[in-house]
Amino acid sequence: MSLAVEITDTFEELRDTVARLHSELTRYELVIWTAGNVSARVPGHDLMVIKPSGVSYDELSADTMVVTDLYGEVVHGDLAPSSDTAAHAYVYRHMPEVGGVVHTHSTYATAWAAVGEPIPCVLTMIADEFGGEIPVGPFALIGDDSIGRGIVETLRSSRSPAVLMRNHGPFTVGRTARDAVKAAVMVEDVAKTVHLASALGTPEPLSEQDVDRLYARYQNVYGQQGEK
């Protein structure tokens, strides 16, 4: 522990939530081995909770989650944080509306990232969740906040909560960590569907007007109000 912070019930609840959300990544087969991570902003603090580096998913628990500041310095926890911590931290510093960040190497979404192609908005589901095509971000090496800069620069000009970082894989953001996990699940699903559709023919993009209508309905009307 490099800094001191009082760990309250709020911290413990969030650490438990983040630990449990990692099981969704394995449930939907978005990760292999120890790759991938979920983080969450700590409400009211310039802190975040994130997965420890290189720890097996079946060994994750609230106690193994690491709390860092928004520059990646550990403030609570006995393990080293994820190698993607700098990227997550950069997103939180520059996108205050974001409460959760997820990174996976899910197969189909990562395939699109490998060829540097955005996923076109050819499905109502893509319009609903992503508000248009799912964009590609620049190539960046792991180790500093370069990936975070690419994420922020790309998402600032898009309604999408997902970005395909070139030659790397998808990163997703959300109002909460659960929302970011949902986006990670959805981006893999549509990446697979559009890939299969492309093998059958040339998918037809939705019109901009239809995309706007679908996005507005899904974001503001669909589901039980107050639960989004």
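This is a short tour of the model, from the sheet through one of its strands to the nonpolar cores.

Residues are numbered from 1 along each chain as its sequence is written. The model is predicted, so local features need pLDDT of at least 70, side-chain atom pairs count only at pLDDT 80 or more, and totals for chains, interfaces and linings use all residues, while side-chain values use heavy atoms, with hydrogens and water left out.

**Stop 1: the sheet.** Start by colouring the strands (DSSP runs of E, at least two residues, numbered from the N terminus, as are helices, which are runs of H or I of at least four). You should find an open sheet of eight strands with mixed pairing, in the order β4-β3-β2-β1-β5-β8-β7-β6. Two strands count as paired if DSSP finds at least two bridges between them. Now pick out β4 (74-76) and β6 (136-137): these stand at the edges with a single partner strand each, so one side of each has no neighbour in the sheet.

**Stop 2: the β6 edge.** Select β6 together with β7 (residues 162-165); the two run parallel and are joined over two bridges. Here G137 stands opposite M165 of β7.

**Stop 3: strand β1.** Next, select 37-41, which is β1. Five of its five residues are buried (under 20% relative accessible area, 1.4 Å probe, protein chains only), so β1 is largely enclosed by the rest of the structure. Turn the view to see both covered faces: N37, S39 and R41 are on one side, V38 and A40 on the other.

Add the partners of β1. With β5 (100-103), β1 pairs in the antiparallel sense over four bridges, and V38 stands opposite V102. With β2 (residues 47-50), the pairing is antiparallel over three bridges, and R41 stands opposite M48. β1 and β2 form a hairpin with five residues between them, and G44 in the turn has a positive phi of about 80°.

**Stop 4: helix α6.** Show residues 177-200: this helix, α6, lies across β1, β5, β7 and β8 (169-174), at about 145° to β8. That angle is taken between N-to-C directions, from 0 to 180 degrees, with axes fitted to C-alpha atoms, for helices over the stretch in contact (heavy atoms within 4.5 Å).

**Stop 5: the cores.** A nonpolar core is a set of buried Ala, Val, Leu, Ile, Met, Phe, Trp, Tyr and Cys residues joined through side-chain atoms within 4.5 Å. The largest has 25 residues, and V18, L25, V38, V49, V102 and V181 have the most contacts inside it. α1 (9-27), β1, β2 and α6 each give two or more residues, with α1 giving the most, six. Zoom in on V18: leaving aside neighbours within four places in sequence, V18 touches V38, A40, V49 and M65. Finish at a second, separate core of 22 residues, among them V74, A87, M95 and I147.

Technical notes
Buried < 20%, exposed > 50% of the residue type's maximum accessible area, 1.4 Å probe, protein only.
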